[in-house]
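Open the model in a viewer and keep the selection tool at hand. The stops below say what to pick and what is found there.

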Amino acid sequence: MFNFTPSKRIVESTEAAACSADAERAETHKTEGNAAFKNKQYDDAIKAYSSAIALDGANHIFWSNRSAVYLAMGCPADALLDAEVCRRLAPTWPKGCYRLGTARMACGLFE
């Protein structure tokens, strides 16, 4: 039997960017995260997506992307946490549903 251990991370704020400049900076961090993820520089990708979330926590794509990195790193509980936030922010977005399902499978949470 699989023994799931939840993530011990604290979820950041899901508040929207305070201004358009913050939203733009968040997008820049996302672009940096995408490049790092593509190059399998997972720690750098996590930092970039976390910076994007700190600036604009309401953007579900940032949470989705960081979830993908955590899965690639073999951290399914952290991937699940981010996927759940992504799904809450955008409940009908297909990729969010995919991220949640993939993370749940990786955690051994089948029902």
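Start by selecting D82 and R66, whose side chains meet in a salt bridge, 2.6 Å from N to O. D82 belongs to helix α4 (residues 76–89) and R66 to helix α3 (residues 60–72), so this pair ties together parts that are 16 residues apart in sequence. Are the two partners buried or exposed? D82 is buried, with a relative accessibility of 0%. R66 is buried too, at 1%. Bear in mind that this is a predicted model.

Now add E12 to the selection. E12, R66 and D82 form a network of linked salt bridges. The structure has four salt bridges by the rule applied. Side chains of opposite charge can pair when their charged atoms come close.

**Along helix α1**

Select D22 next, in helix α1. Which residue does the D22 side chain pair with in a salt bridge? The partner is R25, and the closest N and O atoms are 2.3 Å apart. The contact between these two side chains also counts as a polar contact, at 2.3 Å. Both residues sit in helix α1 (residues 20–38), three residues apart, which is about one turn of the helix. An α-helix has 3.6 residues a turn, so residues three or four places apart point the same way.

The two ends of this pair can be coloured by accessibility. D22 counts as buried, at 13% relative accessibility, whereas R25 is partly exposed at 43%. To see what D22 touches beyond its neighbours within four places in sequence, show A17 and L55.

Move on to E27 and K30, another pair in helix α1, again three residues apart and about one turn of the helix. Their side chains meet in a salt bridge of 3.6 Å, N to O. Here E27 is the partly exposed partner, with 34% relative accessibility. K30 is buried because its relative accessibility of 17% falls under the 20% cut-off.

What surrounds K30, not counting residues up to four places away in sequence? Show Y49, A52, I61, F62 and N65, which K30 touches.

**The end of α1 and the loop after it**

Select F37 and Y42 for the one aromatic pair in the count. Their ring centres are 5.8 Å apart and the planes meet at 45°, so the pair is tilted. F37 is partly exposed, at a relative accessible area of 31%. Y42 is partly exposed as well, at 21% relative accessibility.

Then pick K40, in the loop between α1 and α2 (42–55). What is the sign of phi at K40? The value is positive, near 60°, in a residue other than glycine. Most residues other than glycine have a negative phi. K40 is exposed, at 62% relative accessibility.

**Helix α2**

Select α2 as a whole. This helix has 14 residues and reaches 20 Å from its first C-alpha to its last, close to the 20 Å expected at 1.5 Å a residue. Within α2, colour the buried residues: A45, I46, A48, Y49, A52, I53 and L55. What covers them? The covering parts include α1 and α3, so display both alongside α2.

**The nonpolar cores**

In soluble globular proteins, nonpolar side chains tend to be buried together. To view the largest nonpolar core here, select its twelve residues: A36, A45, I46, Y49, V69, Y70, A79, L80, A83, L100, A103 and C107. Which helices each supply at least two residues of this core? They are α2, α3, α4 and α5 (94–107).

For the last stop, give a second colour to A26, A52, I53 and L55. These are among the eight residues of a second, separate core. Residues of α2 met earlier return here: A52, I53 and L55 are buried in that helix. Two of the earlier contacts can also be shown again, with L55 touching D22 and A52 touching K30.

Technical notes
Residues numbered from 1 in each chain as written. Predicted model: local features only at pLDDT ≥ 70, side-chain atom pairs only at ≥ 80, totals over all residues. Heavy atoms only, no water. Phe/Tyr/Trp six-rings, centres within 6.5 Å; stacked < 30°, edge-to-face > 60°. Buried < 20%, exposed > 50% of the residue type's maximum accessible area, 1.4 Å probe, protein only. Helix = DSSP H or I, 4+ residues; strand = E, 2+ residues; numbered from the N terminus. Expected span 1.5 Å × (residues − 1). Contact = heavy atoms within 4.5 Å. Core = buried A, V, L, I, M, F, W, Y, C linked by side-chain atoms within 4.5 Å. Polar contact = N/O pair within 3.5 Å; in protein donor to acceptor, adjacent residues only side chain to side chain.
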